[in-house]
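Morning, everyone. I have one structure to go through today, and I will start with the disulfides. Please look at the model first.

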Amino acid sequence: MPLATMASASSSRYPSLLVALLCAIAAVSSAAAGPGNSRGGSVGRGPISTNGKNYTEVCDPARFAALGLDMSGFRYCDASLPYADRVRDLVGRLTLEEKVRNLGDQAEGAPRVGLPPYKWWGEALHGVSDVGPGGTWFGDVVPGATSFPLVINSAAAFNESLWRAIGGAVSTEIRAMYNLGHAELTYWSPNINVVRDPRWGRASETPGEDPFVIGRYAVSFVRGMQDVDRPYAGGDPFSRPIKVSSCCKHFAAYDVDAWFKADRLTFDSQVQERDMIETFERPFEMCIREGDASCVMCSYNRINGIPACADHRLLSETVRDQWQLHGYIVSDCDSVRVMVRDAKWLNYTGVEATAAAMKAGLDLDCGMFWEGSRDFFTTYGLDAVRQGKLKEADVDNALSKVYVTLMRLGFFDGMPEYESLGVKDVCSKKHKELAADAARQGMVLLKNDAGRLPLDPKKIKSLALVGLLEHINATDVMLGDYRGKPCGVVTPYDAIRKMVNATYVHACDNGACDAAKGVGRAAMSAQTVDATIVIAGLNMSVERESNDREDLLLPWNQTGWINAVAEAYPYSIILVIMSAGGVDVSFAQNNPKIGSIVWAGYPGEEGGTAIADVVFGKHNPGGRLPLTWFKNEYVNQIPMTSMALRPDAAHGYPGRTYKFYGGPAVLYPFGHGLSYTNFSYASGTTGASITVLVSAWEHCKELTYKPGVTPPACPAVNVASHRCDESVSFNLTVANTGRVDGDHVVAVYTAPPPEVDDAPLKQLVAFRRVFVPSGAAVDVPFTLNVCKEFGIVEETAYTVVPSGVSTVLVGDGALSMSFPVKIELAV
């Protein structure tokens with residue numbers, strides 16, 4: 001979405017004096033929600049404001065009476081009727097002019113028939129946000145909301161129950177704010193694009209580089225946002241009540257924002273069908289099929305020449321018909337205008353672009369942010385119908401989708417389960433503790449030579465904090481993009497000082513880490529304390545929406561600072577990195593004077609608590625990297641604009657993500673993460689053999705083999721035509737052989753037969769985060785469906801199960817085991 005609309009867009013300012021910043025932090029931290037639980041909210045601010053009074057449901061007889069209307073005369077308010085019949089009545093009452101005025105994100109309603117305005121745009125990426133045109137806002141009784149870690153941090157936890165809990169907490173705060181007149185009920189989150197390239201500026205918003213992990217995150221978060229614990233009549237999915245509408249974005253193949261001359265408004269993603277199915281579409285399919293998301297957002301870019309928001313095959317055939325979306329499709333903000341103004345697609349006019357997008361399947365246009373005062377659908381929809389380029393029935397169909405969604409949310413009739421929610425449910429102690437736990441679970445220990453961590457607070461009497469001032473006192477950096485106003489912020493300085501009272505700060509100001517005087521002062525202080533922690537990294541001026549990175553290095557000469565401090569300190573120092581994307585810290589990994597490296601990401605309002613808990617051993621880190629950390633040479637090996645995932649020998653491209661990268665050794669692989677304890681694996685399974693019966697009505701599929709390989713009689717079976725009943729089960733025993741309790745992430749991969757060409761090196765198919773007490777062991781069972789977990793996408797774009805010996809690989813790095821699985825296709 002346009003960065004200019006974001007509350008977080010302005011760059012951070014560093015105060016000249018540390019005390020000034022600490023005072024500001026204290027002011028933020030002391031903010032607390034006021035008393036009371038009034039459902040009326042502030043006069044005139046919504047959610048449904050009529051004649052100066054607020055209501056929480058459209059079909060309130062008193063509200064209709066205030067409009068001079070008798071509600072009994074409007075069948076769309078008859079709750080005994082099916083939603084489809086009610087919406088048909090509502091849309092049928094509207095004039096064409098009224099209809100088009102409700103096709104934009106700031107729908108104008110129709111007071112004549114009792115329909116109020118509605119602001120569709122809400123953001124809840126990692127907490128309730130006030131980004132957007134005022135549908136969600138903070139003030140008076142709701143000064144803030146819980147700010148959870150950025151998505152890339154939560155993904156590092158590899159914990160589906162955590163992801164669902166975060167979605168549930170966020171939706172509870174939204175419903176409470178809705179009752180108070182501070183929020184609507186439709187939120188365009190989560191962002192589930194794949195981090196295909198480490199330079200992408202929006203890596204913080206996503207669950208990483210693996211489409212399966214991203215899909216599981218989407219399913220968990222969306223279920224947490226939407227699910228209501230009660231049955232719905234008839235089992236009709238379009239009648240299933242939802243707590244808050246969640247929207248998976250940005251569909252599809254969107255991951256270039258602004259890289260040299262390439263920008264998201266004009267970029268044409270040249271994507272092979274195999275990559276679309278295998279990588280770019282998979283998280284969205286999981287989000288819709290398994291998460292039952294009520295919304296999908298299409299992206300700015302073109303895909304093989306066609307704008308995503310005007311692609312009938314993607315929107316109508318794939319999302320709505322094939323995947324069975326039970327909801328609406330919305331454009332990324334100004335995407336339709338971008339077709340005309342930026343991409344100049346087919347030299348279409350505004351009328352033609354509006355007609356093309358709606359006929360392709362777009363239901364709602366988010367607009368008004370690049371130019372003008374109205375979105376494209378509202379501006380050109382009327383002319384599109386009158387000029388014969390669009391049927392009024394197409395407009396009716398789009399409105400039906402959006403109003404059924406609002407009915408499912410209780411916007412028209414209320415939802416009793418949530419009517420009691422109010423101030424007490426925003427920034428609650430439970431939610432703050434969840435934010436802290438999420439931040440702790442997402443911390444990744446990258447290096448820990450000679451057990452440098454954890455520090456013992458009983459032995460550490462004095463400590464130096466060195467690095468960027470905005471990271472040491474991270475009231476802003478830890479919150480990242482698409483954030484709202486936090487309940488309160490616990491900075492690294494706040495939390496560490498509680499552990500060690502004699503904590504001294506030596507920080508760069510305004511990024512001037514190359515000042516010799518500052519480096520010298522920090523190095524000298526390091527010689528006089530018991531421990532030194534350097535907090536460094538990136539911020540939203542380096543990686544964010546509309547800003548891709550050009551390299552993978554630490555900016556502002558932080559490397560020089562870190563090396564100088566490490567050299568001066570008599571013992572090894574500890575380095576904490578705040579970033580979303582990977583950073584080439586080879587210098588630190590290879591320096592024995594830097595004993596430990598912790599990746600903290602952008603850990604949200606409780607980030608300081610989590611950092612201190614990990615550093616001082618109150619929490620044993622169990623997070624794993626959700627994306628590969630490449631060395632900086634990678635940026636010279638492949639341009640961001642190359643969309644292919646597999647290596648390209650003709651151009652010398654090494655490939656992308658852990659699934660396909662074939663270049664020199666990376667800095668830290670996908671799934672890397674250390675612990676303060678040791679784990680071991682044991683399993684009684686040494687191999688498996690599965691016979692897949694290919695029935696008479698099925699056909700064997702061809703498979704691409706390496707040169708010199710003779711294909712079997714039946715190389716592969718098509719997953720789409722097979723019943724897929726076969727499975728492989730095994731049990732893994734995870735033992736904690738160390739002296740510290742800890743969480744451990746068990747990752748399960750499959751690798752196709754080695755003779756198959758151009759296939760993934762391996763692919764993640766399952767994961768579990770388990771807690772194992774010191775000296776104990778837990779059993780972790782897995783059942784792998786042959787079609788889902790052993791299937792690969794062939795170059796023809798068929799998903800097939802290959803004949804031959806595949807491999808199950810369990811674990812990452814030194815802690816791993818594997819066993820073969822022979823799959824025989826019997827014709």
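Start with Cys487, which is buried, because its relative accessible area is 4%. Please keep in mind throughout that this is a predicted model. Cys487 forms a disulfide with Cys427, and the two sulfur atoms are 2.0 Å apart. The torsion about that S-S bond is -90 degrees, and the link is left-handed. Where do Cys427 and Cys487 lie? Cys427 sits in the loop between helix H14 (392-408) and helix H15 (429-442), while Cys487 sits in the loop between helix H16 (469-472) and helix H17 (492-499), so the disulfide ties together parts that are 60 residues apart in sequence. Cys427 has a relative accessibility of 17% and also counts as buried, because the cut-off is under 20%.

For the chemistry, a disulfide is a covalent bond between the sulfur atoms of two cysteines. How many of them does a search of the whole structure find? The search finds 8 disulfides, and I will show two others.

One joins Cys298 to Cys309, with an S to S distance of 2.0 Å. Is that disulfide right-handed or left-handed? The torsion about the S-S bond of Cys298 and Cys309 is about 110 degrees, so the disulfide is right-handed. Cys298 belongs to strand E10 (residues 295-298), and Cys309 to the loop between strand E12 (306-307) and helix H10 (312-322), so this pair ties together parts that are 11 residues apart in sequence. Cys298 is buried at 0% relative accessibility, and Cys309 is buried at 1%.

The other is between Cys700 and Cys714, whose sulfur atoms are 2.0 Å apart. Its S-S torsion is about -105 degrees, so this disulfide is left-handed. Cys700 lies in strand E22 (residues 700-701) and Cys714 in the loop between E22 and strand E23 (716-718), so the pair ties together parts that are 14 residues apart in sequence. Are Cys700 and Cys714 buried or exposed? Cys700 counts as partly exposed, at 31% relative accessibility, and Cys714 is buried, with a relative accessible area of 4%.

Next, the nonpolar cores. In soluble globular proteins, nonpolar side chains tend to be buried together. The largest nonpolar core in this model has 230 residues, and Trp188, Phe412 and Trp629 touch the most other members. What does Trp629 contact, leaving aside its neighbours within four places in sequence? The partners of Trp629 include Leu446, Ile577, Trp599, Val666, Leu667 and Tyr668. Ser579, Gly581 and Gly582 are also among them. A second, separate core has 33 residues, including Val717, Val765, Phe790 and Ile823.

Now the packing of two helices. H12 and helix H13 (residues 376-386) pack with their axes 8 Å apart, at an angle of about 95 degrees. That makes H12 roughly perpendicular to H13, because angles of 65 to 115 degrees count as such. On the H12 side, the residues in the contact are Gly350, Val351, Thr354, Ala355, Ala357 and Met358. On the H13 side, they are Phe376, Phe377, Tyr380, Gly381, Asp383 and Ala384. The residues of this contact divide into 8 nonpolar, 3 polar and 1 charged.

Ala356 is also in H12, which spans residues 350-360. Ala356 is buried, with a relative accessible area of 16%. Not counting residues up to four places away in sequence, Ala356 touches Ala310, Trp345 and Tyr348. The C-alpha atoms of Ala356 and Val336 are separated by 9.4 Å, with the two residues 20 apart along the chain.

Last, some backbone details. Which peptide bonds are cis? One is the bond from Ser189 to Pro190, with omega near 15 degrees. Pro190 is in the loop between strand E5 (186-187) and helix H7 (211-226). Another is the bond from Phe251 to Ala252, with omega near 10 degrees. Ala252 is in the loop between strand E6 (245-251) and strand E7 (258-259).

Gln324 is not a glycine, yet its phi is positive, near 65 degrees. Gln324 lies in the loop between H10 and strand E13 (328-331) and is partly exposed, at 44% relative accessibility. Ala450 also has a positive phi, of about 55 degrees. Ala450 is in the loop between strand E14 (444-448) and strand E15 (462-468), and is exposed, with a relative accessible area of 87%.

Key
Residues are numbered from 1 along each chain as its sequence is written. This is a predicted model: local features need pLDDT of at least 70, side-chain atom pairs count only at pLDDT 80 or more; totals for chains, interfaces and linings use all residues. Side-chain values use heavy atoms; hydrogens and water are left out. Helices (H or I, at least four residues) and strands (E, at least two) are DSSP runs, numbered from the N terminus. Buried means under 20% relative accessible area, exposed over 50%, partly exposed in between (1.4 Å probe, protein chains only). Contact means heavy atoms within 4.5 Å. A disulfide is a pair of cysteine sulfur atoms within 2.5 Å. A nonpolar core is a set of buried Ala, Val, Leu, Ile, Met, Phe, Trp, Tyr and Cys residues joined through side-chain atoms within 4.5 Å. Axes are lines fitted to C-alpha atoms, for helices over the stretch in contact, and angles run from 0 to 180 degrees between N-to-C directions. Angles under 35 degrees count as roughly parallel, over 145 as roughly antiparallel, 65 to 115 as roughly perpendicular and the rest as oblique. Ala, Val, Leu, Ile, Met, Phe, Trp, Tyr, Cys and Pro count as nonpolar, Asp, Glu, Lys and Arg as charged, and the others, Gly among them, as polar.
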